[in-house]
Amino acid sequence: MSNDITIPTELPLLAVREVVIFSEMVLTFFIGREESIAAIESALAVDNRQLFITAQKNIETDQPGPEDLYQIGTVSTILRHMRLPDGRIKILVQGQFKAKVVEFTSTEPFFKVRFEVIEDSPVTTMSEEIADFMSYVRNQCLRLLAFQGHSGGGIVGYLEAMDGPGRLADAVIASIKIRPVDAQEVLEAIEPLARLEKVNKILTRELEGSTFYAKLDSEDGEEVDPKQREHVLRKMLKAIKRELGEDREQNVETEEYRAKFRKARLPKEAAAEAARQLSRLEGLHQDAAEATIIRSYLDWISDLPWSVSTRDHLDLAAAKKVLDSDHFNLQKVKDRILEYLAVMKLNHRQKGPIICFLGPPGVGKTSLGQSIAKAMGRKFVRLSLGGLKDEAEIRGHRRTYVGALPGRILQSLKTAGSNNPVFMLDEIDKIGSDFRGDPASALLEVLDPEQNSHFSDHYLNLSFDLSKVMFITTANFLDPIPEALEDRMEVIYLSGYTNEEKVAISKKFLIPKLISNHGLKAKSLTINDSAIKTVINSYTQEAGLRGMERKLATICRKVARRVAEGYDRSCRVTQSQIPKYLGPPEILPEPVISEGQPGVVTGLAWTGMGGELMYVEARTMPGKGNLTLTGQLGEVMRESAQTVLAFARAHSYQLGLEPNFYDEVDIHIHLPVGGVPKDGPSAGVTLLVALFSALTGQPAPRDIAMTGEITLRGQVMGIGGLKEKSLAALRAGIKKVIIPKQNLKDLVEIPSGLRRQIQFLTVDNVQELLVICFPSCRFRLDRPTTPGRLRLRPKPRSRRRRPL
């Protein structure tokens, strides 16, 4: 800086982007910001036309503040200026000397600063070593300018005229194209030799890249070292990203993922894989297809509840209160849940149970799972498995497929936000399978407490701990469930409800809920017990309550319409008014068996919808001993009929039948409602009584229903579904039921109210059965099957003809 330059105390400040101006450097600027135009006009109003020029730290900031500007800049003089038609100002400035901001004296309408001049440290002696270093830097600069396409004619003389290391460093930086950050770093160096060394490092770096590109573009086939190629390309890639601003965006994205991983508290295996994939993402372009796949993968890893658990409510009294308030009866299920909570209270490491609720539709299997979650204080998720045929729905798709996603197990856990929810797998008996795999086999790992602590999803390819999850499955039938899968579950049977239970549930749960859902008040609708029983008996015939709820909803809709139209404010529904709301009865009473009708017997059957009555009709007619079975009987029931006929033939003498009765008659056994398939191992008792009644002409009692299977020895075997069958008999008004003696143990599971209404008659063999149904029968199993010893007629001797 020359001594004749007048230094003002303060100057207007001009903030510029992507350029750093040095002393003696001449540059042109196009000024468009209002603050910058005001600063220039202020400088032009003064004779010296000086202003303080400094660079922005972030070129994307449109309205920079004092903290967004570098403190070291250059005091420059405006040589020329011109106003452009678009409102901008074009100025030509020349750098004078380096200075540092001391204070911002004004920020409106433009920045005004006080500054202090920065003098270069003096170089006392110009040694030969310094001169050689300056000559080397000049040559490096000329080489770089040659690579950048600049002619060196005027540049050589310009660089030779720089007599000191500091002035040479400024001249070199002003002559070449480098990053503004590097140029600012050189500007802030006070020591001339240190500044020249920085310039030399920048020249060396730029020359490496330029030389590498020259080798790539050369036609002489010169080989490039692979390591050098990778090193230079990576440095250039970083430089390009930095210039495009992508490095800042990528750094922000990377830090966001790292913060998510820390918050998720990933296991070691998942954390290592996440770090590896994040490192791959950093080396990819943001718009690359693989980058999108990796982002999706990292999002799933960070969003899964690896270490997030809800705290269990281990207050047994409160849990029991919640279960009782949501469900009527179902004591066995409630006891099982309270037992699990008791064990959890004593041992927090207890694994989640695998429970299967088996029962007909509408008995409350799904809603029971929601109540369990509520009682335990856990999240509740539900996954319907009905019609599921693709194994990938359970285990997920591999990431090589387009649109791959994790399986629905992990998707549901992500939705729940907890690694210990109550997870309901609905309709597990309706899973299918095809060429895409067998989902039931995939569930073996999910529902095995010894394996699901390391459940592996194909998409994540990581182990996820499912041992804390309480899995509850539901099914209507047990037979379709594979044996291996059934073995992993604790099956709890939910039978149908009695009429009294349905009335109580309707009054306590269904009717209040429906009144609220239909916008009615509690006093707007009253349905008495007799009306509810009429709906149960004449409009629904089911083990559960779905049909019942639909009929009650129909009544609520009709009442709501009358209230909305202003006809009624309140309505009391009685038994006589039910046809007005629901129409004529849909369920007609079972036809009563007339007295004196031999061959007709009432049996009991169990289906997935509950228990049902099953009438068996037997008729005899002259013939040749043929047995005809109609009514869509299954293979097991056909075999039961064959067994019954064989027993009757073998014991014809004891039964009071003709010894060869089957040679002169045909027997026809029919089960009405032929459009419905029938099968099962519990119809032997009914078939035997019907056959005996038809053969002897004695009518069977019409007020008794029966169930059981018989053997060729005349023993009565145990059956299943006793409660459902008993409910079916009660619905039909039958108060006596014959059951096998082996089922005495099952009477404990039947509610006491049901046991008081039905008289259960137990039989151990055919003798006891026939005595109950036909008191006059004197059949005894210990009597011989024939009046005398059965003699076999000897075969006649064959007479051989003598040869002639």
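This report walks through the cores, one helix, one loop residue, a pocket and a cavity of a predicted model.

## Nonpolar cores

Let's start with the interior. The largest nonpolar core holds 54 residues, and the members that touch the most others are F357, I372, M470, I527, I555 and V573. Take F357 as a way in: leaving aside residues up to four places away in sequence, F357 touches V333, K365, L368, I372, I472, T473, T474, A475, I492 and L494. I372 thus turns up both in that list of contacts and among the core members with the most partners.

A second core, separate from this one, has 51 residues, including L410, L425, A440 and L447. In soluble globular proteins, nonpolar side chains tend to be buried together.

## Helix α10

Helix α10 runs over residues 289-303, 15 residues in total. From its first C-alpha to its last, α10 reaches 22 Å, close to the 21 Å expected at 1.5 Å a residue.

Which residues of α10 are buried? They are A291, I294, R295, Y297, L298, W300, I301 and S302, so have a look at R295 and S302 alongside the nonpolar names when you turn the helix in your viewer.

## A loop residue, L655

L655 sits in the loop between α22 (635-650) and β19 (665-670). L655 counts as buried because its relative accessibility is 8%, where the cut-off is under 20%.

Its surroundings come from several places in the chain. Not counting residues up to four places away in sequence, L655 touches A648, F692, L770 and F779. C777 is 122 residues from L655 in sequence, yet their C-alpha atoms are 7.8 Å apart in space.

## The second largest pocket

The second largest pocket has a volume of about 580 Å³. It is lined by 25 residues, of which H327, G362, V363, G364 and S367 are the closest to its centre. Three elements give two or more residues to this lining: α13 (365-376), α18 (499-517) and α20 (546-564). Of these, α13 gives the most, with five residues.

The lining of this pocket is mixed by class, with nine nonpolar, nine polar and seven charged residues.

## The largest cavity

The count of cavities of 30 Å³ or more comes to one. The largest cavity has a volume of about 40 Å³, and its lining is made up of V16, V19, V20, I21, I53, T54, A55, I72, G73, T74, Q184 and L187. Here β3 (50-55), β4 (72-83) and α5 (180-187) are the elements that give two or more residues.

By class, eight of the residues lining the largest cavity are nonpolar, four are polar and none is charged.

Key
Residues are numbered from 1 along each chain as its sequence is written. This is a predicted model: local features need pLDDT of at least 70, side-chain atom pairs count only at pLDDT 80 or more; totals for chains, interfaces and linings use all residues. Side-chain values use heavy atoms; hydrogens and water are left out. A nonpolar core is a set of buried Ala, Val, Leu, Ile, Met, Phe, Trp, Tyr and Cys residues joined through side-chain atoms within 4.5 Å. Buried means under 20% relative accessible area, exposed over 50%, partly exposed in between (1.4 Å probe, protein chains only). Contact means heavy atoms within 4.5 Å. Helices (H or I, at least four residues) and strands (E, at least two) are DSSP runs, numbered from the N terminus. The expected span of a helix is 1.5 Å times one less than its number of residues. On a 1 Å grid over the protein atoms alone, a cavity is a set of points where a 1.4 Å probe fits but cannot get out, and a pocket is an open set with protein on both sides within 12 Å along at least five of seven lines; lining residues have an atom within 4 Å of a point. Grid points are joined across faces, edges and corners, and a volume is the space filled by probe spheres set on the points. Ala, Val, Leu, Ile, Met, Phe, Trp, Tyr, Cys and Pro count as nonpolar, Asp, Glu, Lys and Arg as charged, and the others, Gly among them, as polar.
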